[in-house]
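Subject: Structure handover

Hello,

Here is the structure for you to work with. Please load it before you read on.

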Amino acid sequence: MGHSAGLRKGTRYAFSRDFKRKGFIPLSTYLKEYRVGDIVDIKCNGAVQKGLPYKLYHGKTGVVYNVTKSSVGVIIYKRVGNRYMEKRINVRVEHISHSRSRDEFINRVKENAIKKRQAKEQGTHLHLKRQAVQPRDSHVVDSQNNFPETITPIPYDTHI
């Protein structure tokens, strides 16, 4: 028996391409623009072995700190024992994508700016804090003309 303890052990499914996503890598992957400070997700592409990050970083989110011709440097916080260490890894652009984690926050900031502007024009007071989901309003269930239903299983029938 061989000793399967190589660098890419345990990545049979993690690095495999999705159904109908095998083969040619779209040009949009290479034409995306990355800037220092962008938040990116690391998702390893098994078709490209160059610049492939170690399997531990697959699925992690980090911040771009360096941009070169065909790769970017990403800062990631890795848990080591009881602390988080800053790791700087260099990854080719095939293995990263822009993170959507801040989209909701950025959209909310823009909407709040519009609401503030409108409230200032109207001279009204505005609360922009998000509210937790409140309990439902109370209501009375009327039993008149609202008979309870009993649910019983249908007996098994062997006739065809």
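Below is what was found in it, from the whole chain down to single residues.

Overall picture

Please note that this is a predicted model. The chain holds two helices and five strands. In sequence order they follow the pattern α-β-β-β-β-β-α.

The chain has a radius of gyration of 27 Å, whereas a compact globule of 160 residues would have one near 15 Å. Along the principal axes, the C-alpha trace spans about 75 × 75 × 40 Å. Buried residues account for 19% of the 160 residues. The accessible surface is about 14200 Å², and carbon and sulfur atoms hold 53% of that surface. Of the contacts with a separation of 6 or more, 53% link residues 24 or more positions apart.

The sheet

The five strands form one open sheet, ordered S4-S3-S2-S1-S5, with antiparallel pairing. S4 (83–92) and S5 (96–98) are the edge strands, and each of them pairs on one side only. From one strand to the next, the twist averages 45°.

S1 covers residues 39–42, and three bridges tie S1 to S5 in the antiparallel sense. Three bridges also join S1 to S2 (residues 61–67), again antiparallel.

Two residues of S1 show how the pairing works out. Asp41 stands opposite Ser97 in S5. Val40 has a bridge partner in S2, namely Gly62. Val40 also has a bridge partner in S5, which is His98.

Which side chains of S1 are buried, and which are not? Val40 and Ile42 point to one face and are buried. Ile39 and Asp41 point to the other face and are not buried. This fits a general pattern: in a regular strand, side chains alternate between the two faces of the sheet.

The core

The largest nonpolar core has 12 residues. Val40 and Ile42 are among them, and so are Tyr34, Tyr57, Val64 and Val93. The list also includes Val72, Val74 and Ile76, together with Ile89, Val91 and Ile96. Three elements give two or more residues to this core: S1, S3 (71–80) and S4. S3 gives the most, with three residues.

Val40 is a good place to start looking. Leaving out residues up to four places away in sequence, Val40 touches Tyr34, Val64, Val74 and Ile96, among others. Its contacts also include Lys60, Thr61 and Gly62. Ser97, His98 and Ser99 are on the list as well.

Two backbone outliers to check

Lys20 has a phi near 65°, which is positive although the residue is not glycine. Lys20 lies in the segment before helix H1 (28–31). Is Lys20 buried or exposed? Lys20 is exposed, with a relative accessible area of 71%.

Asn145 also has a positive phi, near 60°, and is likewise not a glycine. Asn145 sits in the segment after helix H2 (103–122). Asn145 is exposed too, at a relative accessible area of 70%.

Best regards

Notes. Residues are numbered from 1 along each chain as its sequence is written. This is a predicted model: local features need pLDDT of at least 70, side-chain atom pairs count only at pLDDT 80 or more; totals for chains, interfaces and linings use all residues. Side-chain values use heavy atoms; hydrogens and water are left out. Two strands pair if DSSP finds at least two bridges between them. Helices (H or I, at least four residues) and strands (E, at least two) are DSSP runs, numbered from the N terminus. Axes are lines fitted to C-alpha atoms, for helices over the stretch in contact, and angles run from 0 to 180 degrees between N-to-C directions. Buried means under 20% relative accessible area, exposed over 50%, partly exposed in between (1.4 Å probe, protein chains only). A nonpolar core is a set of buried Ala, Val, Leu, Ile, Met, Phe, Trp, Tyr and Cys residues joined through side-chain atoms within 4.5 Å. Contact means heavy atoms within 4.5 Å. The radius of gyration is taken over C-alpha atoms; the globule rule is 2.2 Å times the number of residues to the power 0.38. Accessible areas come from the Shrake-Rupley method with a 1.4 Å probe; for residues, only the protein chains shown count as cover.
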